[in-house]
Amino acid sequence: MRLRDELGREEVKKVLYHFTSLLNARRIVAAGFHPGHDRGDVYLTNSLTGDASWFGDAAVVVEVGILDLTLDDEFCTGEVHYRCHYSKVRPVALLMKEEKG
């Protein structure tokens, strides 16, 4: 079965990451995203090691339809940042940063 959006376009899902604190990441995985201070948008990245990784010590792995994404920023390294309304983002897992040393 193929999913289609309201205009009949095929819906394709993308796996991305949302960096936050470990406490918030656990809450998001358990209960989903909730509206925040920025119009209800969630900020996402395609990279586990890029600039966005500085925003927290854990990453929530999410699944989102590509038609729901808005491009926020692109980098020459291939890292891409997106934003998406919280109601369209489905958390699927939690990843913790490893301690170095």
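**From helix 1 to the largest pocket**

Ala 31 lies in helix 1. In this predicted model, Ala 31 has a relative accessibility of 54% and counts as exposed, because the cut-off for exposed is over 50%. Along the chain, Ala 31 and Pro 91 are 60 residues apart, yet their C-alpha atoms are separated by 8.9 Å. That pair brings together distant parts of the sequence, and the rest of the chain offers further cases.

The protein chain contains one helix and six strands. Read from the N terminus, the order is β-α-β-β-β-β-β, so helix 1 follows one strand and precedes the others. The chain has 101 residues, of which 36% are buried. Its accessible surface comes to about 6,900 Å², and carbon and sulfur atoms account for 51% of that surface. Among contacts between residues at least 6 apart in sequence, 81% join residues at least 24 apart.

The loop between helix 1 and strand 2 holds Gly 40. With a relative accessibility of 5%, Gly 40 counts as buried, because buried means under 20%. Gly 40 and His 85 are 45 residues apart in sequence, while their C-alpha atoms are 5.6 Å apart in space. Leaving out residues up to four places away in sequence, Gly 40 touches Pro 35, Cys 84, His 85 and Tyr 86.

Asp 41 comes next and is found in strand 2. Asp 41 also counts as buried, at 17% relative accessibility. What does Asp 41 touch, not counting residues up to four places away in sequence? The residues are Arg 83, Cys 84 and His 85. The C-alpha atoms of Asp 41 and Arg 83 are separated by 5.9 Å, with their positions 42 residues apart along the chain. Cys 84 and His 85 thus appear in the contacts of Gly 40 and in those of Asp 41.

His 18 is placed in strand 1. The relative accessible area of His 18 is 14%, which means that the residue is buried. Its side chain reaches the backbone oxygen of Tyr 43 at 2.7 Å. Apart from neighbours within four places in sequence, His 18 is in contact with Val 42, Tyr 43 and Leu 44, and also with Ile 28, Phe 33, Ala 58, Ala 59 and Val 60.

Several of these residues come together at the largest pocket, which holds about 610 Å³ of space. The pocket is lined by 26 residues, and those closest to its centre are His 18, Phe 19, Asp 41, Val 42 and Tyr 43. Which elements each supply at least two residues of the lining? They are strand 1 (13–20), helix 1 (22–31), strand 2 (41–45) and strand 5 (80–85). Strand 2 gives the most, with five residues. By type, the lining divides into twelve nonpolar, ten polar and four charged residues.

Strand 5 is also the place of His 81. His 81 is buried, because its relative accessible area of 13% falls under the 20% cut-off. A polar contact of 2.6 Å joins the side chain of His 81 to that of Glu 79. Beyond residues up to four places away in sequence, His 81 touches Leu 44 and Thr 45, along with Asp 51, Ala 52, Thr 70, Leu 71, Asp 72, Asp 73 and Phe 75. Leu 44 is also among the contacts of His 18.

The last residue to consider is Asp 57, in the loop between strand 2 and strand 3 (58–65). Is Asp 57 buried, exposed or partly exposed? With a relative accessible area of 42%, Asp 57 is partly exposed, because this value lies between the 20% and 50% cut-offs. The side chain of Asp 57 reaches the backbone nitrogen of Leu 22 at 2.8 Å. Setting aside residues up to four places away in sequence, Asp 57 touches Thr 20, Ser 21, Leu 22, Met 96 and Lys 97. Asp 57 and Met 96 are 39 residues apart in sequence, and their C-alpha atoms are 6.3 Å apart in space.

Terms used. Residues numbered from 1 in each chain as written. Predicted model: local features only at pLDDT ≥ 70, side-chain atom pairs only at ≥ 80, totals over all residues. Heavy atoms only, no water. 1 Å grid on protein atoms, 1.4 Å probe; cavity = no way out; pocket = protein on both sides within 12 Å on 5 of 7 lines; lining within 4 Å. Points joined across faces, edges and corners; volume = space filled by probe spheres on them. Helix = DSSP H or I, 4+ residues; strand = E, 2+ residues; numbered from the N terminus. Nonpolar A, V, L, I, M, F, W, Y, C, P; charged D, E, K, R; others polar. Buried < 20%, exposed > 50% of the residue type's maximum accessible area, 1.4 Å probe, protein only. Polar contact = N/O pair within 3.5 Å; in protein donor to acceptor, adjacent residues only side chain to side chain. Contact = heavy atoms within 4.5 Å. Areas by Shrake-Rupley, 256 points an atom, 1.4 Å probe, with all protein chains shown as cover.
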